[in-house]
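Work through the exercises below with the sequence and the structure open. Try each task before reading its solution.

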Amino acid sequence: MKLDILTLFPEMFKGVFESSILKKAKEKNAYDYQLVDFREYTENKHNKVDDYPYGGGAGMVLSPQPIFDAVEDLKKKTNSTPRVILMCPQGEPYSQRKAEELAQEDHLILVCGHYEGFDERIRTELATDEISIGDYVLTGGELGAMVVTDSVVRLLPEVLGNEQSAQEDSFSNDLLEHPHYTRPSDFRGHQVPDVLLSGNHQKIEEWREYESLKRTYERRPDLINEDQLTTQQQKLLNEIKTNKSS
């Protein structure tokens, strides 16, 4: 995968992109990234990339010219048709499903917003997607771009040491992940559930499915679509509801 990030603050990304899974993924050539300061594309004699909004109002708006030129230049250099994603609070709420979708692409361009937002023509004529990582406002789109990158890159082939890890992550199956335990089995009097020490893999899987449903029902019931549950999952959920009300 090729990843281009248009930003006014490329220095923000170094620590994140040169650490942990993102660093290992780059070393494995699973993806390559480029940080593009789109200020370098501006034709404004004062090196500005923003201007006052037509009609008045507070704040400044990112001008279309530098971003259009930057994206068009990147397309020419790679001879590709990338997804062009605006990071902005008005965008589609980000989800694991979206991460899985983007992980299938060969080329992504993430555009980090600033100020009061983008000139509308960037949205309507250039972008293919708009993404929001939550219902709150950040100073700019850089942190959102880091979140999207991390969530997408970890899904690329051979990035994680154990491919099953990504498949079992919270939200990958619309449920929160079950509890995890490691050694010691007795820590300050708190015991690991006996089933996890039993060696009975069928019982362990049943326990994990139950606990995953239970945790989701208690913490994020909005994630549960009962029409999509298996017969076994529906049975477990009914049991969880009964136990909760008793």
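**Exercise 1. Two packed helices**

Task: In this predicted model, decide how α9 and α10 are oriented to each other, and state which residues make the contact.

Solution.
Step 1. Two packed helices are described by the angle between their axes and the distance between the axes.
Step 2. Helix α9 covers residues 201-219 and helix α10 covers residues 231-245; the angle between them is about 55°, and their axes are 10 Å apart.
Step 3. Angles under 35 degrees count as roughly parallel, over 145 as roughly antiparallel, and 65 to 115 as roughly perpendicular, while the rest are oblique. The helices α9 and α10 are therefore oblique to each other.
Step 4. The handedness of the crossing of α9 and α10 is right-handed.
Step 5. On the α9 side, the contact is made by Glu 209, Tyr 210, Leu 213, Lys 214, Tyr 217 and Glu 218. On the α10 side, the contact is made by Gln 232, Gln 233, Leu 236, Leu 237, Glu 239, Ile 240, Lys 241, Asn 243 and Lys 244.
Step 6. Sorted by class, the contact of α9 with α10 has six nonpolar, three polar and six charged residues.

**Exercise 2. Thr 231**

Task: State where Thr 231 lies and whether Thr 231 counts as buried or exposed.

Solution.
Step 1. Thr 231 lies in helix α10.
Step 2. The relative accessibility of Thr 231 is 72%. The cut-off for exposed is over 50%, so Thr 231 counts as exposed.
Step 3. Along the chain, Thr 231 and Lys 203 are 28 residues apart, and their C-alpha atoms are separated by 17 Å.

**Exercise 3. Cysteines and disulfides**

Task: Count the disulfides and explain why the sulfur of Cys 112 has no bond to that of Cys 88.

Solution.
Step 1. A disulfide needs a pair of cysteine sulfur atoms within 2.5 Å.
Step 2. By this rule the count is zero disulfides. Cys 88 is in no disulfide, and its nearest cysteine sulfur, that of Cys 112, is 11 Å away.
Step 3. Seen from Cys 112, the closest cysteine sulfur is in Cys 88, and the 11 Å between them is too far for a bond.
Step 4. Cys 88 counts as buried at 7% relative accessibility, and Cys 112 is buried with a relative accessible area of 0%.

**Exercise 4. Backbone angles**

Task: Find where the cis peptide bond from Arg 183 to Pro 184 sits, then place Ser 20 and Asn 47, two residues with a positive phi.

Solution.
Step 1. The bond from Arg 183 to Pro 184 has omega near 0°, and is cis. Pro 184 belongs to the loop between α7 (163-168) and β8 (186-187).
Step 2. Ser 20 is not a glycine, yet has a positive phi of about 50°. Ser 20 is in helix α2 (residues 20-27), and at 55% relative accessibility counts as exposed.
Step 3. Asn 47 is not a glycine either, and its positive phi is about 65°. Asn 47 lies in the loop between β2 (32-37) and β3 (50-51), and at 39% relative accessibility counts as partly exposed.

**Exercise 5. Contacts between residues apart in sequence**

Task: For Val 84, Tyr 41 and Asp 119, list the residues in contact, leaving aside neighbours within four places in sequence.

Solution.
Step 1. Val 84 lies in strand β5 (residues 83-93) and is buried, with a relative accessible area of 1%. Val 84 touches Val 71, Lys 75, Ile 109, Val 111, Leu 126, Ala 127, Thr 128 and Asp 129. The C-alpha atoms of Val 84 and Ile 5 are separated by 9.8 Å, with the two positions 79 residues apart along the chain as the spacing.
Step 2. Tyr 41 is in the loop between β2 and β3. The contacts of Tyr 41 are Val 36, Gln 65, Pro 66, Asp 69, Ala 70, Asp 73 and Lys 77. Tyr 41 and Asp 73 are 32 residues apart in sequence, and 9.5 Å apart in space from C-alpha to C-alpha.
Step 3. Asp 119 is found in the loop between β6 (107-112) and α5 (120-125). At 15% relative accessibility, Asp 119 counts as buried. Asp 119 is in contact with Val 61, Leu 62 and Pro 64.

Terms used
Residues are numbered from 1 along each chain as its sequence is written. This is a predicted model: local features need pLDDT of at least 70, side-chain atom pairs count only at pLDDT 80 or more; totals for chains, interfaces and linings use all residues. Side-chain values use heavy atoms; hydrogens and water are left out. Axes are lines fitted to C-alpha atoms, for helices over the stretch in contact, and angles run from 0 to 180 degrees between N-to-C directions. Helices (H or I, at least four residues) and strands (E, at least two) are DSSP runs, numbered from the N terminus. A crossing is left-handed if the near helix is turned anticlockwise from the far one by less than a right angle, and right-handed if clockwise. Contact means heavy atoms within 4.5 Å. Ala, Val, Leu, Ile, Met, Phe, Trp, Tyr, Cys and Pro count as nonpolar, Asp, Glu, Lys and Arg as charged, and the others, Gly among them, as polar. Buried means under 20% relative accessible area, exposed over 50%, partly exposed in between (1.4 Å probe, protein chains only).
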